[in-house]
Amino acid sequence: MASLTSLASFTIRCSSIREHHHDPHKQNPSSIKINGTSSGLSTKNGAVTIKVAPEVENGHIKTQQVRQNIPTKKQSDDPFRQGLITEGGVGYRQTVVIRSYEVGADKTATIESILNLLQETALNHVWMSGLLGDGFGATHGMTRNNLIWVVSRMQVEVDHYPIWGEVIEIDTWVGASGKNGMRRDWLVRSHAMGLVFARATSTWVMMNQQTRRLSKMPEEVRAEISPWFIEKQAIQEDVSEKIEKLDDKAKYVNSNLKSHILASEFICFDIITHRTTPKRSDLDMNHHVNNVNYVRWMLETIPDQFLENHQLSGMILEYRRECGSSDIVQALCETHGDGILKAGVEQGHNNMNLLNGFSMASGILEGNGLLKCFEEKPFRYTHLLQVNGEAKNEEIVRGRTSWKRKISTMPFST
């Protein structure tokens, strides 16, 4: 490992410096302490140069601390991440610009990009709290007990998708979930108009990083995070609808799934098979497949014909076990209500472009009217990701996705 042999330095230009004035009550600039590091200060031609020497521990410089500068105390705002503490000191809000690589062909943010932004704001919330230890959102107490967070359930509702270049605000907060879990919620809205784009809620539990087994919440961890709990939900849940387990007779199947598709092979018209190979980029800093990749694998089973005319409006995911780099994954998908879905796909061929690209269902022409078209129930799919084992298959994720017809974001544009 390379050693750091020189001091880091940066220059600050001051409007005026009284070089010959000495205030005995001011601190000697040669002994300034910055975030636990020693520093030296010199002036030349009206500029102040601060040289910072990273703190040395057992003969080694803690370069990670200097580069990350993780707060050790609660921060009220973070100009670098465009974030600030809200909800009376326990919530977090971050301002984000939708970038070009976060949108699809229709110039709207993809569901994977939205999920990644939710994850990022959650991590930054822990960062701002001063509790961040090592790993994906692990607190200092979790690090001492060798614990990491794993998601057990996720629900997302999307009303609108932000467009490329749009500024959005993401609010997030946490609450208790049983004795050993934590709930995290998000609210995504437009910065300019206040329009709510999406809501999400999730449940998290702790896993021992070495044994890969679920763990109870230690009291020291509970003492760390419980002051941040608030009773507020982004999605009001009634009785959770049970997601049925699919089998190999499901209508759509992706076999030997991993992350990188090498080749595709179509069998008949309903079953799709992809042969793939693992990629290291699928693993996060906790050395397991990130939950956003699971969503991507699930959506690969949706027929292209359906995706051309529909967009995801909601999903529920139930995580059963983690996925390792050597696992061979199979994605299964079944329509939830074949009659409604079949009619929706067939209507896509009869759609008529009205009002400069505003896509209407053929039912309008049959006398049902525009309102009836919008009142149509969303189409739904049931999903399953499983590991193909020699003795038996093991579930990774059960899911259900809801879809609605695509409508142009600017139907009256010229």
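Here is a short chat about how some features of this predicted model get their labels.

Me: What should I keep in mind about the numbering and the model?

Reply: Residues are numbered from 1 along each chain as its sequence is written, and side-chain values use heavy atoms, with hydrogens and water left out. The model is predicted, so local features need pLDDT of at least 70 and side-chain atom pairs count only at pLDDT 80 or more, while totals for chains, interfaces and linings use all residues.

Me: What makes Tyr294 and Trp297 an aromatic pair, and why is it called edge-to-face?

Reply: Rings of Phe, Tyr and Trp (its six-membered ring) pair if their centres lie within 6.5 Å; planes under 30 degrees apart count as stacked, over 60 as edge-to-face and the rest as tilted. Tyr294 and Trp297 have 5.8 Å centre to centre and 65 degrees between the planes, so they pair edge-to-face. Both sit in helix H5 (residues 291-299), three residues apart, about one turn of the helix. Helices here are DSSP runs of H or I with at least four residues, strands are runs of E with at least two, and both are numbered from the N terminus.

Me: Why is the pair of Phe306 and Tyr381 called edge-to-face too?

Reply: With 5.3 Å between centres and 80 degrees between planes, Phe306 and Tyr381 meet both limits, so the label fits. This pair links distant parts of the chain, with Phe306 in helix H6 (residues 304-307) and Tyr381 in strand S22 (residues 379-388), 75 residues apart.

Me: How do you know that Phe306 is buried or exposed?

Reply: Buried means under 20% relative accessible area, exposed over 50%, and partly exposed in between (1.4 Å probe, protein chains only). Phe306 has 1% relative accessibility, so it counts as buried. Tyr381 is also at 1%, so Tyr381 counts as buried.

Me: What makes the charged end of Arg81 sit over the ring of Trp127?

Reply: The rule asks for NZ of Lys or CZ of Arg within 6 Å of the ring centre and within 35 degrees of the ring normal. Arg81 is 3.9 Å from the centre of the Trp127 ring, so the distance part is met, and the pair is listed as a charge over a ring. Lys232 likewise lies over the face of Trp173, at 4.4 Å from the ring centre.

Me: Why is strand S18 called largely enclosed?

Reply: Nine of the 10 residues of S18 (residues 310-319) are buried, so the rest of the structure largely encloses this strand. Strands pair if DSSP finds at least two bridges between them. Five bridges join S18 to S10 (residues 147-158), antiparallel, and nine join S18 to S23 (residues 393-405), also antiparallel.
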